[in-house]
Amino acid sequence: MAHIGVTGLAVMGANLARNIARRGVPVAVHNRTVARTKEFMGAYGEEGDFTAAGSMEEFVAALERPRRIIVMVKAGAPVDGVIAELTPLLDRGDIIIDAGNSHFPDTERRAAECAEAGIRFMGVGVSGGEEGALYGPSIMPGGDPVAYAEVEGVFTTIAAQVDGSPCCVHVGPGGAGHYVKMVHNGIEYADMQLIVEAYDLLTHVAGLDAPDIGKIFEEWNSGDLESFLIEITAIVLQKTDDATGRPLVDVIVDQAGQKGTGTWTAIDALNLGVPLTGITEAVFARGLSALRDERRMAAGTLAGPNPSAAQDRGVDGRSAEAPRADLVDDIRQALYASKVVAYAQGFAQMRAASQVHGWDLDLGAMARIWRGGCIIRAQFLNRIMEAYAEHGDVENLLMVPYFTRAVADAQDAWRRVVVTATQQGVAIPAFASSLSYYDGYRRERGPANLIQGLRDYFGAHTYRRIDAEGSFHTRWAQDGREVRTDV
Ligand code: 6PG
């Protein structure tokens, strides 16, 4: 009998099944179209103890009980389709594991629906792309902890390992696993947006070409910024296009795709009232990138900064002078400080969601399991892990001394970069909004008092006073007198 099954043999499912089988665990494999199962067996059948199932019935029959079934199909209706097909074939106590990028409210609904049939449903975030799935992903399992105990052995064995610890931990009940994976992806969006803003500045302000910028990223990858995304940025920027001999990035269309997890993260932050500016700006920037035809029109119509403000620029929009080392280092520091803000915001969002949903998320453990296997894996996550170990339930990572200092040290460079980019007309939504968040967050008294005054004027929404308890309304347009409204 197979210990575990995988249905959905597109590349992620196939690689996950191979990863499990290569650890000596017998795996049943199934795909909606049988041809793909045959193809899989032909290519990888020798890698481990696989049972190929031609139908869902055969697949279920091949599994030891409680049955453990990993569903790796496209998020959305296909997941519901597989569950509907499986449910009548399963017994009470069997476990369905959705390892795709499902939206967490769907996961909560499916868990409740499956529970009615006595089936245990787990929503499990899996990060690391194709390579990760095969060699060791970061795994974020959510759902019933007793069900998790049935798959823990397999999951912790196939996960990436960092310092002897698996990048897999039970995240929490219900949709917690998919929630954390969603925020992971949101942070992935922010990380990439910050990288491309640095690339844009290095191109259009420092006047460097893609391979040179690639070398700079290579250097940056040995410092505070060391991470998978910085590492692959260096590789992508230094790749030459075979057809044209130009840097490949220069011939790639500047429209970013997206499958929705960044948008879900931003929407959820709006619903929670958590200021998540870095990730949200990253989502908007992808939206703006998609407006290629409009941008082409606007490029010939809308004015940029006047030449005296953009004095460093050459005729083609690039700097006429050699790039200044201090500019390059300023950009590095701006990238790092903005990254700290993006992570602080993402972790603050998880903290807020944990409170609202009663998930009891261990944020330090989330940082720990993101250190390896996943797309945002980075040295930096060690610092976050340490921060939570030392400072427990801190509201915002910016308040942890390590990050307080890191941002304080970088802030002058960060401000210079924002000023320069603004003067030169280079869009830096994530750099600039992160700095504004920082400046807003460190203000004891901001300007929202005026918003309250305005709201009270036009809608009698009331306000609170700094010098008295209670809620007040001023009869602005009548006699101008203030009245207390809560007595
Ligand atoms: C991962 C990735 C993975 C996928 C993203 C891409 O953690 O392995 O995040 O889940 O590559 O969903 O998302 P977009 O297509 O929205 O950029």
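**View 1. Strand β4 and its parallel neighbours.** In this predicted model, strand β1 (residues 4–7) and strand β4 pair in the parallel sense over three bridges. Within this pairing, the bridge partner of T7 in β4 is V71. Strand β4 is also joined by four bridges to strand β5 (residues 95–98), and these two strands likewise run parallel, with R68 standing opposite I95 in β5. Between β4 and β5 the chain passes through helix α4 (residues 77–86), and the resulting β-α-β crossover is right-handed. Side chains in a regular strand alternate between the two faces of the sheet. In β4 (residues 68–71), R68 and I70 point one way while I69 and V71 point the other way, and all of these residues are buried.

**View 2. A nonpolar patch on the surface.** The residues L450, L454, Y457, F458 and W476 form a nonpolar surface patch, which together offers about 590 Å² of accessible area. Among them, L454 is found in helix α19 (residues 448–459) and is partly exposed, its relative accessible area being 46%. F458 is found in helix α19 as well, and with a relative accessibility of 63% this residue counts as exposed. W476, at 37% relative accessibility, counts as partly exposed. Although F458 and A477 are 19 residues apart in sequence, their C-alpha atoms lie 9.2 Å apart in space.

**View 3. Aromatic pairs and an aromatic cluster.** A search of the whole structure finds 16 aromatic pairs. One of these is the tilted pair formed by Y457 and W476, for which the distance is 5.8 Å centre to centre and the angle between the planes is 35 degrees. This pair links distant parts of the chain, since Y457 belongs to helix α19 whereas W476 lies in the loop between β11 (468–474) and β12 (482–484), 19 residues apart. Y463 and F472 form an aromatic pair that is stacked, with 6.4 Å centre to centre and 25 degrees between the planes, and both Y463 and F472 are buried. Elsewhere, the residues Y336, Y343, F380, Y402 and F403 form one aromatic cluster.

**View 4. A salt bridge in helix α5 and the network around it.** The whole structure holds 29 salt bridges according to the search; in general, side chains of opposite charge can pair when their charged atoms come close. In one of them, the side chains of D106 and R109 meet at 3.7 Å, N to O. Because D106 and R109 are three residues apart in helix α5 (residues 104–116), about one helical turn separates them. D106 is partly exposed, with a relative accessible area of 25%, and R109 also counts as partly exposed, at 32% relative accessibility.

**View 5. Salt bridges in helix α16 and at R442.** E386 forms a salt bridge with R383, in which the closest N and O atoms are 3.2 Å apart. Both residues lie in helix α16 (residues 380–391), where E386 and R383 are three residues apart, or about one turn of the helix. E386 counts as partly exposed at 34% relative accessibility, as does R383 at 24%. A further salt bridge brings together the side chains of D439 and R442, at 2.9 Å, N to O, and R442 counts as exposed because its relative accessibility is 51%. Returning to the residues of the preceding view, salt bridges that share partners join D80, D98, D106, R109, R110 and E113 into one network.

Technical notes: Residues are numbered from 1 along each chain as its sequence is written. This is a predicted model: local features need pLDDT of at least 70, side-chain atom pairs count only at pLDDT 80 or more; totals for chains, interfaces and linings use all residues. Side-chain values use heavy atoms; hydrogens and water are left out. Patches are made of residues with over 30% relative accessible area and no salt bridge: like charges are joined within 9 Å, nonpolar side chains (Val, Leu, Ile, Met, Phe, Trp, Tyr) within 5 Å. Accessible areas come from the Shrake-Rupley method with a 1.4 Å probe; for residues, only the protein chains shown count as cover. A salt bridge is a side-chain nitrogen of Lys or Arg within 4 Å of a carboxyl oxygen of Asp or Glu. Buried means under 20% relative accessible area, exposed over 50%, partly exposed in between (1.4 Å probe, protein chains only). Two strands pair if DSSP finds at least two bridges between them. A crossover is right-handed if, with the strands pointing away from the viewer, the path from the first strand over the helix to the second runs clockwise. Rings of Phe, Tyr and Trp (its six-membered ring) pair if their centres lie within 6.5 Å; planes under 30 degrees apart count as stacked, over 60 as edge-to-face and the rest as tilted.
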